[in-house]
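Here are some exercises to work through with the model open beside you. Try each task before reading its solution.

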Amino acid sequence: MSLFLLYQYIVAIILLFIMINFIINNFLFKDTIKHRLPYSFLKKNPLISVLIPARNEQDNIKRCINSLLKQDYSNLEILVMDDNSTDLTVAIVEKIAEKDNRVKLYHGKPLARGWLGKSYACQQLSEYANGDYLVFIDADTLHFPTSISSSVACLLEYRVDALSVFAKQIMVTIHERMMIPFGNFMIMGFMPLALIRKTKSALFSTAIGQFMLFKKDVYKAIGGHESVKGEILEDVIISKQVKRCGFKFMIFDGRSNVYCRMYHNFKEVVRGYSKVIFSAFDYNIPMISIALIMITAIYLMPFVMLPLAILFDWPLVITNIIILQTIFVMVTKIILAIRFKMKALDVLLHPFSIMYLLSMAVNSVFQFRFNIGVYWKGRIYNVSNDGEEEELKVINDSFK
């Protein structure tokens with residue numbers, strides 16, 4: 001057997017296993033909308049603290065808070081931490097707070113050394129929270145009336161100590177549609193969801209900071225956001241911290257309960273992914289290089305080699321294996337598109353989305369390693385030579 005044929009078999013087997021895991025995860029990724037709070041919880045009616053770190057969120061904060069005020073569980077306090085905003089965020093929240101005493105605005109302290117902005121704001125919010133449950137959400141999320149109650153119901157039903165809810169991502173531009181689905185695609189394909197709750201290993205854990213729920217005593221026991229104060233991927237790392245401390249964690253599908261539009265144009269997509277991709281590999285060049293080579297081999301090369309195999313009349317066995325590889329990839333993409341209501345065109349543009357991902361990854365490495373830094377919400381982030389993240393400077397970018 002030639003090495004090239006062996007390579008094709010290996011890629012096909014890998015894609016088959018990923019597709020099978022993807023299909024299994026499609027059933028394990030539970031939708032929060034189907035869960036309701038038990039009578040015993042409603043009778044006790046404990047306070048739930050909804051905590052919103054907000055930096056320059058004038059375009060989102062009003063919509064977010066108003067959706068939270070319409071929740072079907074009424075015993076809420078909604079605490080907003082102004083993270084040194086330079087736009088109209090404060091004025092908007094103050095106006096809402098005047099009309100509803102469940103909403104309270106706090107002003108963040110100047111950023112302390114060793115902290116990144118969002119984690120610092122979240123930690124400060126937790127110190128003001130009075131609830132038995134802490135729900136950290138991003139200001140650019142939109143909540144249906146059952147988003148809070150159903151997430152707490154999931155926490156109780158599955159007997160976990162903390163969880164993260166993955167919002168439905170609103171994607172409009174082609175740049176958003178090429179990149180954002182990779183979040184769900186990678187988790188559904190590569191993460192064995194059954195092991196997130198059932199194993200104690202922090203390796204099997206992930207989260208998204210758009211919606212994270214903790215029992216208050218558990219949040220304190222793990223050290224809160226102080227335990228991840230210098231991490232750009234604070235959401236993923238804090239989910240691992242939950243498991244390291246012996247507690248149970250789980251992720252849920254919130255596509256029927258929570259909406260979010262993370263980015264609006266090409267510039268925001270580049271900035272957002274440049275901030276997180278390299279950090280996801282712990283700023284390790286060999287590690288990210290291996291990952292990008294594997295992604296290219298299994299998700300891009302079958303679509304490059306198939307027309308070549310047909311055009312140049314490659315051996316039938318090789319051509320058939322490559323066809324099988326493309327089928328495995330497309331099946332996973334079709335399942336993803338159906339579940340998360342993606343455009344059919346985006347499925348067909350899969351090779352281009354892979355090229356988007358590769359280019360974003362290279363840009364992320366380039367910006368960090370050459371001390372260019374990554375711009376995000378008026379701050380520039382970089383990684384020092386000893387591997388610690390830092391905010392290099394703050395830029396006044398109001399109304400940008």
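**Exercise 1.** In this predicted model, decide whether Asp 100 is buried or exposed, and find its salt-bridge partner.

*Solution.* Start with the accessibility: Asp 100 has a relative value of 17%. The cut-off for buried is under 20%, so Asp 100 counts as buried. Next, look for a basic partner: Arg 102 forms a salt bridge with Asp 100, and their closest N and O atoms are 3.0 Å apart. Side chains of opposite charge can pair when their charged atoms come close. Finally, Asp 100 is also one of the residues that line the second largest pocket, which takes us to the next task.

**Exercise 2.** Describe the second largest pocket: what is its volume, and which element gives the largest share of its lining?

*Solution.* First, the volume is about 150 Å³. Second, list the lining: Lys 62, Asn 66, Leu 69, Ala 91, Ile 92, Lys 95, Ile 96, Lys 99 and Asp 100. Third, assign these to elements: α3 (61–68) and α4 (89–99) each give two or more residues, and α4 supplies the largest share, with five. Last, sort by character: four lining residues are nonpolar, one is polar and four are charged.

**Exercise 3.** Find the salt bridges made by Glu 176 and Arg 177, and say which parts of the chain they link.

*Solution.* Begin with Glu 176, which pairs with Arg 261, the closest N and O atoms being 2.7 Å apart. This pair links distant parts of the chain: Glu 176 is in helix α7 (residues 174–179), while Arg 261 is in the loop between β8 and α12, 85 residues apart. Glu 176 is buried at 0% relative accessible area, whereas Arg 261 is partly exposed at 22%.

Now take Arg 177, whose salt bridge with Asp 346 has its closest N and O atoms 2.9 Å apart. Here helix α7 is linked to helix α15 (residues 344–348), and the two residues are 169 apart along the chain. Both partners are buried: Asp 346 has a relative accessible area of 4% and Arg 177 has 13%. To complete the search, note that shared partners join Asp 31, Asp 253, Arg 255 and Arg 339 into one salt-bridge network. The structure holds nine salt bridges.

**Exercise 4.** Work out how many cavities of 30 Å³ or more the structure has, and describe the lining of the largest cavity.

*Solution.* The search finds four such cavities, and the largest has a volume of about 110 Å³. Its lining includes Asp 253 and Arg 255, both members of the salt-bridge network above. By element, β6 (162–169) and β8 (249–260) give two or more residues each, with β6 giving the most, three. By character, the lining divides into seven nonpolar, two polar and three charged residues.

**Exercise 5.** Compare burial in helix α6 with that of Ile 10 in helix α1.

*Solution.* Count first in α6 (residues 147–157): nine of its eleven residues are buried, so the helix is largely enclosed by the rest of the structure. Among them are Ile 148, Val 152 and Leu 155. Just after α6, Arg 159 takes a positive phi of about 55°. Then turn to Ile 10 in helix α1 (residues 3–28): its relative accessible area is 43%, so it is partly exposed. Ile 10 joins Leu 3, Leu 6 and Ile 14 in a nonpolar surface patch with about 360 Å² of accessible area together.

Technical notes
Residues numbered from 1 in each chain as written. Predicted model: local features only at pLDDT ≥ 70, side-chain atom pairs only at ≥ 80, totals over all residues. Heavy atoms only, no water. Patch = residues over 30% accessible without salt bridge, like charges linked within 9 Å, V, L, I, M, F, W, Y side chains within 5 Å. Areas by Shrake-Rupley, 256 points an atom, 1.4 Å probe, with all protein chains shown as cover. Salt bridge = Lys/Arg side-chain N within 4 Å of Asp/Glu carboxyl O. Helix = DSSP H or I, 4+ residues; strand = E, 2+ residues; numbered from the N terminus. Buried < 20%, exposed > 50% of the residue type's maximum accessible area, 1.4 Å probe, protein only. 1 Å grid on protein atoms, 1.4 Å probe; cavity = no way out; pocket = protein on both sides within 12 Å on 5 of 7 lines; lining within 4 Å. Points joined across faces, edges and corners; volume = space filled by probe spheres on them. Nonpolar A, V, L, I, M, F, W, Y, C, P; charged D, E, K, R; others polar.
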